[in-house]
Amino acid sequence: MIVPVALAILIGVVFNSSATKKGHLLDADCTDCHLAEKVDGKNSSMLLASQEKLCSTCHPDAIRLSHPSGFSPRHELPKEFPLDWKGDMTCSSCHLIHANTPGLMRSQTKGLPFCLSCHTETFFDQMPDRGASMVNSGHLDARSETTEEKWDNLDSFSLQCVGCHDDDTAAIKIKMSAGLVKHEEGAGSHPIGVEYEKATSFGGYRPLNQIPTEVVLPDGKVGCISCHQGYSEKHGALVRSNDDSGLCMTCHDL
């Protein structure tokens with residue numbers, strides 16, 4: 001299993017006549033990311049910061065909840081997914097930074113076959129949803145619009161979560177009702193789509209500046225990822241233990 005940067009990073013940029021005419025970021029100022037003012041094949045790997053930090057300037061949500069990167073994998077990856085100069089997997093291990101292909105992907109393989117390029121089937125078999133959540137999207141950053149009025153106030157992450165779990169065929173099922181997520185098997189209900197700072201005005205909640213970083217409030221709202229991890233060995237694991245209501249008390253001040 002692959003588990004969850006310095007000035008010099010190998011980003012696998014391909015310099016050719018077609019790439020320099022069009023592609024992702026090719027209209028941007030090179031010095032926004034590169035250390036050299038004139039970038040060529042010899043100095044292209046010298047960046048101002050880690051790829052994760054640089055990419056997050058435009059893709060903050062994708063970086064925050066995605067397949068892990070910026071780490072050294074436990075086993076060797078296929079050559080088509082290069083590591084950086086330190087042996088770390090980075091954004092450009094999967095993405096061609098200056099390409100114009102769909103998703104900027106290095107491989108034309110999609111879905112489970114793409115994941116199996118690095119992972120084993122056993123890795124997914126151990127998950128409740130057999131990896132469906134990860135296979136569907138390497139980045140939990142939904143942008144699709146919903147036509148269902150009951151979901152209109154949800155953040156993009158929760159939309160993607162609910163889109164899969166509000167289904168009778170889902171391995172782990174939830175139901176949405178009046179702004180509440182109702183978990184299966186009596187695991188309790190909790191509102192989502194609520195603006196947290198507005199809720200604090202009613203009392204009984206900790207100030208926003210006291211909420212730990214692992215409790216993510218997308219668009220300032222309580223959402224699925226406020227309590228659950230999108231990418232982990234156990235998909236949907238809590239962001240912290242709820243022993244003695246520990247997770248609940250990160251927000252509630254009762």
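User: Quick one before we start: what does buried mean here?
Analyst: Buried means under 20% relative accessible area. Keep in mind that this is a predicted model.

User: Fine. Which residues of helix 7 are buried?
Analyst: S156, F157, S158, L159, C161, V162 and H165. That is seven of the 10 residues in the helix, which spans 156–165, so helix 7 is mostly covered.

User: What caps its N-terminal end?
Analyst: D155 does. One of its side-chain oxygens sits 3.0 Å from the backbone nitrogen of F157.

User: Now the packing. Which residues form the largest nonpolar core?
Analyst: Nine residues: L154, L159, C161, V162, I174, M176, V181, I192 and C224.

User: Which elements each supply at least two of them?
Analyst: Helix 7 and strand 1, the latter covering 174–177. Helix 7 gives the largest share, three residues.

User: What about a second core?
Analyst: There is a separate one with eight residues. Among them are V222, V239, L247 and C251.

User: Any general reason why nonpolar side chains group like that?
Analyst: In soluble globular proteins, such side chains tend to be buried together.

User: Switching topic. Where is S92?
Analyst: In helix 3, which runs over residues 91–94.

User: Is S92 buried or exposed?
Analyst: Buried. Its relative accessible area is 1%, so S92 falls under the 20% cut-off.

User: And which side chain does S92 contact?
Analyst: That of Q51. The two side chains make a polar contact of 3.0 Å.

Conventions: Residues are numbered from 1 along each chain as its sequence is written. This is a predicted model: local features need pLDDT of at least 70, side-chain atom pairs count only at pLDDT 80 or more; totals for chains, interfaces and linings use all residues. Side-chain values use heavy atoms; hydrogens and water are left out. Helices (H or I, at least four residues) and strands (E, at least two) are DSSP runs, numbered from the N terminus. Buried means under 20% relative accessible area, exposed over 50%, partly exposed in between (1.4 Å probe, protein chains only). A polar contact is a pair of N or O atoms within 3.5 Å; within protein, one must be able to donate a hydrogen and the other to accept it, and residues adjacent in sequence count only if both atoms are side-chain atoms. A nonpolar core is a set of buried Ala, Val, Leu, Ile, Met, Phe, Trp, Tyr and Cys residues joined through side-chain atoms within 4.5 Å.
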